[in-house]
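Q: Got a minute to look at a model with me? I'd like to start with one side chain and then zoom out.

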Amino acid sequence: MTGTWRDQGEAKRQSILKLIPSKWQLKDPVLPATELRDVTGDHIRQFLTAREIEITETDAVDIVSRTTTGVWSSLEVTEAFCHRAALAHQLVSCLHEIFFDAAIEDAKQKDEYFAKHKAPMGPLHGLPVSLKDQFHVKGIETTMGYVGWINTFEGKPNDPRYKTEESELVRELRSLGAVLYCKTSVPSTLMAGETINNIIGYTWNPKNRLLSCGGSSGGEAALIALRGSPGGFGTDIGGSVRIPSAFCGLYGLRPSAGRIPYQGAANSMDGQGTILSVIGPLAPTARSLTLLFKAVLQQKPWLHDPLAFELPWRDDIVEDTKALIARSQTDPSTLCFGLMRYDGSCPVHPPIARGLDIVERTLQRLGCRVIEWKPPSHSEAVELARRIFDMDGGFDLKHHLDLSGETKAAQVIVSEGGTELKASEIAALNVTKREFQKKYIDYWSSTAELTGTGRPVDAFLCPAAPHAAVIPAQYKYVGYSVFVNLLDYTSISLPVTFADQKIDVRPADAQGDDTGNIQWDYDAETYHGAPVGIQLVGRRFSEEKMLTLAEYLGGEIAQDAN
């Protein structure tokens with residue numbers, strides 16, 4: 001490919017747009033965000049038929065209940081989501097790859113299979129599933145937001161794996177009967193809480209296009225928030241599933257490493273194993289996360305991924321958790337949650353503080369005990385994570401940017417031109433991390449003395465970020481999310497409410513933030529309408545328990561927020 005990196009990025013951007021069928025292209029330019037902030041709901045519905053709206057606003061669980069029984073055809077479901085995804089991209093720039101034609105042919109084959117066998121191909125038969133642009137799909141390019149990866153396999157020209165490789169998760173989704181149809185935008189390097197790259201530009205928040213959709217699974221969250229997908233998969237190394245889920249009003253699961261297969265997926269800093277990136281689902285409902293997560297485990301990923309644990313779905317944990325929930329409704333000493341409003345390093349904006357108030361009221365209404373969460377210093381966790389992400393001295397980042405000569409976005413948190421750590425220094429860093437993990441385990445266990453249940457807290461809740469969907473270039477602090485990755489805990493983002501300029505005003509006596517971690521000239525008018533999310537955190541490998549709690553608490557929180 002010739003021309004400057006800007007030319008190459010623009011050519012790729014235009015090629016994506018050209019893959020949208022003319023019948024789905026918007027006839028008029030999209031109004032600027034200053035005139036049209038929210039493009040969800042009625043705005044995007046105006047371009048859809050009543051049938052398309054019905055299909056695309058049904059959650060994944062109810063979709064498969066129809067596609068696996070023949071009530072809905074795979075074809076009509078796929079076409080509806082392809083149409084809505086095409087609209088979503090034109091509204092907020094959320095797609096990197098479009099393969100609608102292949103998806104429609106796949107859907108037709110699934111319908112033929114069902115007609116012949118009177119049975120579905122798998123538990124996700126006919127369910128459209130979107131993917132972050134880290135997953136390799138045969139016949140489709142993976143750029144991961146790098147201009148230098150265009151027309152190559154992960155930046156390697158003439159590599160035979162180009163458009164022939166498939167990630168393990170992709171193979172498993174196909175086996176489950178899912179229909180794959182698009183890949184979503186990411187920040188180049190993946191190491192950013194916003195989604196921006198030199199191919200498609202900036203991915204905006206569908207609820208408020210003055211703000212970010214989050215990152216690095218930002219395109220995935222933006223697409224799902226516009227109901228251009230019933231559910232999809234992103235990755236999380238510092239909050240990259242939970243942050244965009246919180247920013248876009250979604251549920252997003254960060255499982256412990258090894259439960260969902262990473263084999264064959266592209267990544268930044270590949271081979272860095274001190275903090276592992278993990279794959280997790282995002283969706284509008286908690287039960288959709290459970291559907292997707294449980295289905296993948298049915299494929300026994302440990303037989304194909306050397307880093308996957310042999311840990312099938314555990315129904316007994318689900319039933320035990322449901323029993324706890326049932327008993328808590330009559331016995332207030334059954335369930336106890338920790339609540340962390342402030343991590344000691346970064347104050348939160350008013351919408352987040354109000355969101356935590358709503359959550360606390362919900363827990364108290366449900367008869368749950370709530371204690372203040374006072375863990376080991378999260379500033380220590382943030383510093384540890386920074387040193388880990390910079391351990392290669394920025395080599396990986398520089399290498400991939402230098403392939404095209406493109407510039408790094410200001411939002412990227414990895415440093416350039418640092419000093420690469422020696423093996424002995426990495427070993428020492430791993431020891432320090434393990435010691436911090438031990439302190440956190442001990443603190444968690446110590447809460448048994450405070451809960452009144454005879455057990456430590458069942459989980460704790462805290463911000464996913466110090467702000468709602470953020471003003472571009474103002475995401476400065478990942479401490480509320482990255483500590484989870486350092487500990488390898490299970491965490492789920494839960495939607496709570498929306499920022500309201502009449503309610504969420506900065507208190508007159510509020511103390512400023514002298515750490516530089518957050519903008520404290522809080523702009524209530526700009527943030528108005530931004531989704532507010534928090535996260536539910538559990539111990540390692542507690543996915544079944546956290547998913548069950550998320551479904552229960554999510555519905556109750558929604559009642560109290562309205």
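A: Sure, and keep in mind that this is a predicted model. The side chain of Asp-458 makes a polar contact with the side chain of Lys-545, at 3.1 Å.

Q: Is Asp-458 buried or exposed?

A: Asp-458 counts as buried because its relative accessible area is 4%, and the cut-off for buried is under 20%.

Q: Where does Asp-458 lie?

A: In a loop, with helix 16 (448–451) on one side and strand 13 (459–463) on the other.

Q: And what else is Asp-458 in contact with, leaving aside neighbours within four places in sequence?

A: Besides Lys-545, there are Leu-324, Thr-334, Leu-335, Cys-336, Trp-444 and Met-546.

Q: Switching topic: how many cavities of 30 Å³ or more are there?

A: Four. The largest has a volume of about 100 Å³. It's lined by 14 residues, and Ala-192, Gly-238, Ser-240, Ile-413 and Val-478 are the closest to its centre.

Q: What's that lining like by class?

A: Nine nonpolar residues, five polar and no charged ones.

Q: OK, zooming out. How many helices and strands are in the protein chain?

A: The chain has 19 helices and 15 strands. Its radius of gyration is 22 Å, close to the 24 Å from the globule rule for 562 residues, so the chain is as compact as a globular protein of that length.

Q: What share of the residues count as buried?

A: 61% of the 562. As for contacts between residues at least 6 apart in sequence, 80% join residues at least 24 apart.

Notes
Residues numbered from 1 in each chain as written. Predicted model: local features only at pLDDT ≥ 70, side-chain atom pairs only at ≥ 80, totals over all residues. Heavy atoms only, no water. Helix = DSSP H or I, 4+ residues; strand = E, 2+ residues; numbered from the N terminus. Buried < 20%, exposed > 50% of the residue type's maximum accessible area, 1.4 Å probe, protein only. Polar contact = N/O pair within 3.5 Å; in protein donor to acceptor, adjacent residues only side chain to side chain. Contact = heavy atoms within 4.5 Å. 1 Å grid on protein atoms, 1.4 Å probe; cavity = no way out; pocket = protein on both sides within 12 Å on 5 of 7 lines; lining within 4 Å. Points joined across faces, edges and corners; volume = space filled by probe spheres on them. Nonpolar A, V, L, I, M, F, W, Y, C, P; charged D, E, K, R; others polar. Rg over C-alpha atoms; globule rule 2.2 N^0.38 Å.
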